[in-house]
Amino acid sequence: MKLVTIAGAPSAGKTAVTLHLIRQLAKDGKRSAAVKFDTLGTTDDQIYRDRLGIPAIQGLSDYLCPDHYFVSNLEEACAWGRRQRADYLFVETAGLCYRCAPHIKDVPAITVIDNLGGMEAPRKMGPALTLADVVVVTKSDLISQAEKEVFAHRISQVNQTAAIVHVNGLTGTGVLHLKRLSESWTDARELEGLSLRYSMPASICSYCTGETRIGKRFQSGNVEKLLLEENAA
């Protein structure tokens, strides 16, 4: 079974791209399964089941970062995927703060970003984008060719090794390129002992652990304060 992690900002088109890729893989007789990790709620697992008829489950992290929840439950998710006899297991995480990244060494990693987030968006996405093997760009049909090329260049500035693939989330145009890349991916090894490509912060301030009150005396951890005088200089 090939394990694939998929990250990206909300509404970037992660699920839409994955749906198109799974359809193409199915034409070759490949079985897919999907796991969606989110925070408070998602219907994406239902979308996979309804539109593609594939097995799909969800995991909700509630008050935790979905990427932390994802990595803490990945072995269980993979075991479930193997029980489904899937050739491909797509594991999608919500991705919220850009500080964390779900990508794992030796596991194919896709990050989806849309062209409407502004030219600085690639730089802002952090390790989820800079450490991806494939960066899928969506909504390219809504901008000019020049803007599309500049955006791709900005991606290559922060991730020089990733393959950049443009996919139309509505029509699926461009997904064959992604399918060809997926054919070169190897089957997943045992996950125990593998490493994340980037460390994740946890409980670095009092608010991570449930504090809701505002004020210095309620704050602890290593969150730095604004340097107002330096900002004004």
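His166 counts as partly exposed in this predicted model, because its relative accessibility is 23%, and the buried class ends under 20%. The residue lies in strand S7. Its side chain makes a polar contact with that of Ser140, at 2.9 Å. Beyond residues up to four places away in sequence, His166 touches Asn115, Val137, Ser140, Lys148, Ala152, Thr173 and Gly174. Glu76 lies elsewhere: 90 residues separate it from His166 in sequence, and the C-alpha to C-alpha separation in space is 32 Å.

Ser140 has a second polar partner. The side chain of Asn115 makes a polar contact with the Ser140 side chain, here at 2.6 Å. Asn115 is placed in the loop between S5 and helix H4 (121–124). With 5% relative accessibility, Asn115 counts as buried. Neighbours within four places in sequence aside, the contacts of Asn115 are Val137, Thr138, Lys139, Ser140, Ile143, Phe151 and His166. Val137 and Ser140 are thus among the residues touched by Asn115 and also among those touched by His166.

Val137 belongs to the covered part of strand S6. This strand spans residues 134–138, and five of its five residues are buried. Both of its faces are covered. Val134, Val136 and Thr138 are buried on one side. Val135 and Val137 are buried on the other.

S6 has a paired strand on each side. Strand S5 (residues 109–114) pairs with S6 in the parallel sense, over five bridges. In this pairing, Ile110 stands opposite Val134. Strand S7 (residues 163–166) runs parallel to S6 and is joined to it by four bridges. Here Val134 stands opposite Ala163. From S6 the chain passes through helix H6 (residues 145–158) to reach S7, and this β-α-β crossover is right-handed. A further pair across these two strands is formed by Val136 and its bridge partner in S7, Val165.

These strands are part of an open sheet of seven. Its order is S3-S2-S4-S1-S5-S6-S7, and the pairing is parallel. Strand S3 (56–60) and S7 stand at the edges, and each has a single partner strand, so one side of each lacks a neighbour in the sheet. On average, neighbouring strands of the sheet are turned by 20° against each other, with direction ignored. His166 lies in one of the two edge strands, S7.

Within the sheet, strand S1 (residues 2–8) and strand S4 (residues 88–93) run parallel and are joined by five bridges. Val4 stands opposite Phe90 of S4. Two helices that touch the sheet were examined next. H6 lies across S5, S6 and S7 and runs at about 150° to S7. Helix H7 (residues 175–183) packs on the sheet, where it touches S1, S4, S5, S6 and S7. The direction of H7 makes about 145° with that of S7.

Glu92 lies in strand S4. It is buried, with a relative accessible area of 2%. The side chain of Glu92 makes a polar contact with the side chain of Tyr48, at 3.1 Å. Apart from neighbours within four places in sequence, Glu92 is in contact with Ile6, Lys14, Thr15, Val35, Lys36, Phe37, Asp44 and Tyr48.

Asp44 and Tyr48 lead to helix H2. This helix covers residues 44–52, and Asp44, Asp45 and Tyr48 are buried in it. These three residues span an arc of only 115° around the axis, so they sit on the same side of H2. The buried residues of H2 pack against helix H1 (14–27), strand S2 (32–38), S3 and S4. Asp50 and Arg51 are exposed, and they lie on the face turned away from the buried side. Gly53 follows H2, with a positive phi near 70°.

Key: Residues numbered from 1 in each chain as written. Predicted model: local features only at pLDDT ≥ 70, side-chain atom pairs only at ≥ 80, totals over all residues. Heavy atoms only, no water. Buried < 20%, exposed > 50% of the residue type's maximum accessible area, 1.4 Å probe, protein only. Pairing = 2+ DSSP bridges. Right-handed = clockwise from strand over helix to strand, strands pointing away. Axes fitted to C-alpha atoms, helices over the stretch in contact; angles between N-to-C directions. Contact = heavy atoms within 4.5 Å. Arc of directions from axis to C-beta. Polar contact = N/O pair within 3.5 Å; in protein donor to acceptor, adjacent residues only side chain to side chain.
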